[in-house]
Amino acid sequence: MAPLAGPMRARDLLAALAVVLLWGVNFVAMKWGLRSFTPFQLGALRYLCAAVPLVLLVRAPRLHWRWVLLFGSFQGVGQFGFLFVALQMGMTASLASVLLQTQVFFTALFGFAVLHERPGRPLVLGLMLAGLGLLCFAMNYVQPGDVVAGTTLAGLLLTLCAAAWWAASNIVSRLAQQASPGYDPFSFVVWSSLVPVLPFTLLSFWLDPDASHWLDPAAWAAVPLVAWLSLAYLGWAATVLGYGMWTTLLTRYPANRVAPFSLGVPLVGIAAGMGVLGEAITAWQWAGVACVVLALVCVVLGPRLGR
């Protein structure tokens, strides 16, 4: 179906705003989930919830399985493995929602290296602003100290690693599209959600000191309701519903009409982190947030404004 011309339909506009809200609040749900689960347990359970209902209803994607395995490994184990560990070791939900958006710039760098894509002026300017933003974040750790407004240097670096793995999964998606034009991206996401479950489970039994107690039914019964609700939100609302609506919008409208809505995710993430979790942001961190958001504006809206 050809992309629709003219203004976005009211129901599609509401769907886009709903995705922004779902993904922005997503980081608060992660924080709540990590109060009861380890990062590897949360990763395994999240993708189990996301995959099990839909793989029974959605036909397997028509492309080589190596792309499904690579995407599931990079986007699932890589991105969320690093992100969940970062949130546990010292990263606020507010700043994670901003720093994770640096995947846009990692994607550009990987695209240049792997796909030989040449960056335009908006992207170059965005990269410079993003670099300045990261410098502002790093200024918090120039002076000795373990924690700055709920964050640590390890948490910052691990979140950037998560963004890099997300970018790697974007490159896999492009390579899959080149190898199998016209594949169903929603089916691709659903079936790739099965991939991270086993690696996360093995990592939990290997690295979690108390992993064996999860074989005890009483341990599962002791998990509070808020943890289960967070898990359901991550698996079904943020992953299935959020990615489902986003994918639908991308099939109905040009990407440059849909992509600008992603700029709202860090804004919702900051508001949710500060309002729900009571997180604080330092002056240097606010400066970093401003630079990263401006960088995203340059990349997403720059080509349209330059016409």
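Visitor: How many residues does helix α13 have, and what span does it reach from its first C-alpha to its last?

Guide: This model is predicted. Helix α13 runs over residues 264-276, which is 13 residues. At 1.5 Å a residue, the expected reach is 18 Å. From first C-alpha to last, α13 is close to that, at 18 Å.

Visitor: Which residues of α13 are buried?

Guide: Buried means under 20% relative accessible area. In α13, several residues meet that cut-off. They are G264, V265, P266, G269, I270, A272 and G273.

Visitor: Which residue with a positive phi follows α13?

Guide: Look just past the end of α13. The phi there is near 70°. The residue is G278.

Visitor: Is helix α8 largely enclosed or largely open, and why?

Guide: Helix α8 covers residues 185-192. The buried ones are S187, F188, V189, V190, W191 and S192. That makes 6 of the 8 residues buried, so α8 is largely enclosed by the rest of the structure.

Visitor: What covers the buried residues of α8?

Guide: Other helices take part in the cover. One of them, α2, is itself mostly covered, with 14 of its 17 residues buried. The cover of α8 includes α2, α3 and α7.

Visitor: What span does α2 reach from its first C-alpha to its last?

Guide: Helix α2 has 17 residues. At 1.5 Å a residue, 24 Å is expected. The model comes close to that, at 24 Å.

Visitor: Is V58 buried or exposed?

Guide: V58 is in the loop between α2 and α3. Its relative accessibility is 16%. The cut-off for buried is under 20%. Therefore V58 counts as buried.

Visitor: What distance separates the C-alpha atoms of V58 and S187?

Guide: Along the chain, V58 and S187 are 129 residues apart. Yet V58 touches F186, S187, V190 and W191, leaving out residues up to four places away in sequence. The C-alpha atoms of V58 and S187 are separated by 6.2 Å.

Visitor: Which residues touch the most other members of the largest nonpolar core?

Guide: In soluble globular proteins, nonpolar side chains tend to be buried together. Here the largest nonpolar core has 67 residues. Those touching the most other members are F27, M30, L83 and M91.

Visitor: Which residues is M91 in contact with, leaving aside neighbours within four places in sequence?

Guide: M91 belongs to the largest nonpolar core. Its contacts include K31, A86, A96 and L99. The others are G150, T151, G155, L156 and T159.

Visitor: How many residues does the other core have?

Guide: This core lies apart from the largest one. Among its members are V68, Y183, V189 and V195. V189 is also one of the buried residues of α8. The count for this other core is 10 residues.

Visitor: What distance separates V292 and G133, C-alpha to C-alpha?

Guide: V292 sits in helix α14. At 0% relative accessibility, it counts as buried. V292 touches V98, G133 and F137, not counting residues up to four places away in sequence. V292 and G133 are 159 residues apart in sequence, but in space they are apart by 5.6 Å.

Visitor: What distance separates the C-alpha atoms of A238 and W23?

Guide: A238 is in helix α11 and is buried, at 1% relative accessibility. Its contacts beyond four places in sequence are W23, N26, Y233 and Y243. A238 and W23 lie 215 residues apart along the chain, and their C-alpha atoms are separated by 5.9 Å.

Visitor: Which residues make the nonpolar surface patch of about 470 Å²?

Guide: One member, M139, is in the loop between α6 and α7. M139 is partly exposed, with a relative accessible area of 31%. The patch is made by L132, L135, M139, V142 and W284.

Notes: Residues numbered from 1 in each chain as written. Predicted model: local features only at pLDDT ≥ 70, side-chain atom pairs only at ≥ 80, totals over all residues. Heavy atoms only, no water. Core = buried A, V, L, I, M, F, W, Y, C linked by side-chain atoms within 4.5 Å. Buried < 20%, exposed > 50% of the residue type's maximum accessible area, 1.4 Å probe, protein only. Contact = heavy atoms within 4.5 Å. Helix = DSSP H or I, 4+ residues; strand = E, 2+ residues; numbered from the N terminus. Patch = residues over 30% accessible without salt bridge, like charges linked within 9 Å, V, L, I, M, F, W, Y side chains within 5 Å. Areas by Shrake-Rupley, 256 points an atom, 1.4 Å probe, with all protein chains shown as cover. Salt bridge = Lys/Arg side-chain N within 4 Å of Asp/Glu carboxyl O. Expected span 1.5 Å × (residues − 1).
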